[in-house]
Each structure stands twice: as structure tokens, then as C-alpha cells.
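Here is a protein chain to look at. The questions ask how each label is earned.

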Amino acid sequence: MTEFKQLDIHWIDLEPAKGAETKKLRPCVIVQGDLVNIQSRTLIVAPLLPNHKPWPFAVNLEPTQVNGLDKNRHINLKQLRAVDVSRIGKKQGKLESQYIHPQKCPEI
């Protein structure tokens, strides 16, 4: 089985889609943690859509050699999706740490 890593960007076939779901073959970032990825046949991913957006649920990305993107894109966090590993294609790159903003866990 291929090893999938959190923050890797892969091309993923999102068809068939229904209604307002993101469609087509698109680059997506794996958001599911590595510990789960080891044994899982499904991964949670977020699609990367063209252009930058001012939305609070969008993370705007610039193309770099590390992420392998071809143009400005945004991660649409409103469209998180679980996909079977059979939908996952070629690795495009890896999301850089500058786009990750860890939140402090509130004390209980």
C-alpha cells in the first residue's frame, strides 16, 4: 500500500460529485493525521481550487517548488471530504509549514 502523509498534495478524482460538491480531478491536501493514514483505506482531504479567495474558510496558496502548484490556489476548508485511497493519484508536492497555524488546546 502506498504511504500517504498529512499535508501532502495529490491529484484526486472527485467524481462522481453531487450538487455543490467540488468536482473533477483536482489537487487536494491530505488533512488527516499520519497515524490514521497508516491503516486507513480512506483519507480526509481538502480540495485546492483556482485563485485566491477572501473567505474565512479559505487558505490562499502561492505556487512554489515545494508545493508543486501551477498557479495561485486556495484550500477550500468548507469542502473537506473523505475519499477512498483508490481515488488518489500522483503526488504534486507538500504544503509548507507557513500555512499551518496550530491552535492552543483549551484547558479543561
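What follows is a set of short questions and answers on this predicted model.

Q: What makes up the chain, in helices and strands, and in which order do they run?
A: The chain has 1 helix and 7 strands. From the N terminus on, the order is β-β-α-β-β-β-β-β.

Q: Why does the radius of gyration of the chain agree with a compact globule?
A: Start from the length. For 108 residues, the rule for a compact globule gives a radius near 13 Å. The chain has 14 Å, so the value agrees with the rule. The C-alpha atoms fill a box of roughly 35 × 35 × 30 Å along the principal axes.

Q: How much of the chain is buried, and what does the chain expose?
A: Buried residues are 36% of the 108 residues. The exposed area is about 7,000 Å², and carbon and sulfur atoms supply 56% of it.

Q: What share of the contacts with a separation of 6 or more joins residues 24 or more positions apart?
A: That share is 55%.

Q: Why is Leu 48 called buried?
A: Its relative accessible area is 0%. Buried means under 20%, so Leu 48 is buried. Leu 48 belongs to strand 3, which covers residues 42-50.

Q: Which residues touch Leu 48, leaving aside its neighbours within four places in sequence?
A: Leu 48 is in contact with Ile 9, Arg 26, Pro 27, Cys 28, Val 29, Leu 61, Leu 69, Arg 73, His 74 and Ile 75. Thr 22 offers a distance to check: it is 26 residues from Leu 48 in sequence, and their C-alpha atoms are 9.6 Å apart.

Q: Why is Asp 70 called exposed?
A: Its relative accessibility is 55%. Exposed means over 50%, so Asp 70 counts as exposed. Asp 70 is found in the loop between strand 4 and strand 5 (73-76). From Asp 70 to Ala 20 is 50 residues along the chain and 24 Å between C-alpha atoms.

Q: Why is Leu 7 called partly exposed?
A: Leu 7 has a relative accessible area of 23%. Partly exposed lies between the 20% and 50% cut-offs, so Leu 7 fits that label. Leu 7 sits in the segment before strand 1.

Q: What is the label for Asn 51, and why?
A: Asn 51 has a relative accessible area of 45%. That value lies between 20% and 50%, so Asn 51 is partly exposed. Asn 51 is in the loop between strand 3 and strand 4 (58-61).

Q: What is the sign of phi in Leu 7 and in Asn 51, positive or negative?
A: Leu 7 has phi near 80°, a positive value in a residue other than glycine. Asn 51 has phi near 75°, also positive in a residue other than glycine.

Q: How do you know whether the peptide bond from Glu 15 to Pro 16 is cis or trans?
A: Look at omega. The angle is near 0°, and the bond is cis. Pro 16 is in the loop between strand 1 (8-13) and strand 2 (25-30).

Q: How many cavities of 30 Å³ or more are counted, and what lines the largest cavity?
A: The count is 1 cavity. The largest cavity holds about 40 Å³ of space. Its lining is Leu 14, Thr 22, Cys 28, Val 45, Pro 47, Gln 79 and Arg 81. By class, the lining has 4 nonpolar, 2 polar and 1 charged residues.

How values were computed:
Residues are numbered from 1 along each chain as its sequence is written. This is a predicted model: local features need pLDDT of at least 70, side-chain atom pairs count only at pLDDT 80 or more; totals for chains, interfaces and linings use all residues. Side-chain values use heavy atoms; hydrogens and water are left out. On a 1 Å grid over the protein atoms alone, a cavity is a set of points where a 1.4 Å probe fits but cannot get out, and a pocket is an open set with protein on both sides within 12 Å along at least five of seven lines; lining residues have an atom within 4 Å of a point. Grid points are joined across faces, edges and corners, and a volume is the space filled by probe spheres set on the points. Ala, Val, Leu, Ile, Met, Phe, Trp, Tyr, Cys and Pro count as nonpolar, Asp, Glu, Lys and Arg as charged, and the others, Gly among them, as polar. Helices (H or I, at least four residues) and strands (E, at least two) are DSSP runs, numbered from the N terminus. The radius of gyration is taken over C-alpha atoms; the globule rule is 2.2 Å times the number of residues to the power 0.38. Buried means under 20% relative accessible area, exposed over 50%, partly exposed in between (1.4 Å probe, protein chains only). Contact means heavy atoms within 4.5 Å. Accessible areas come from the Shrake-Rupley method with a 1.4 Å probe; for residues, only the protein chains shown count as cover.
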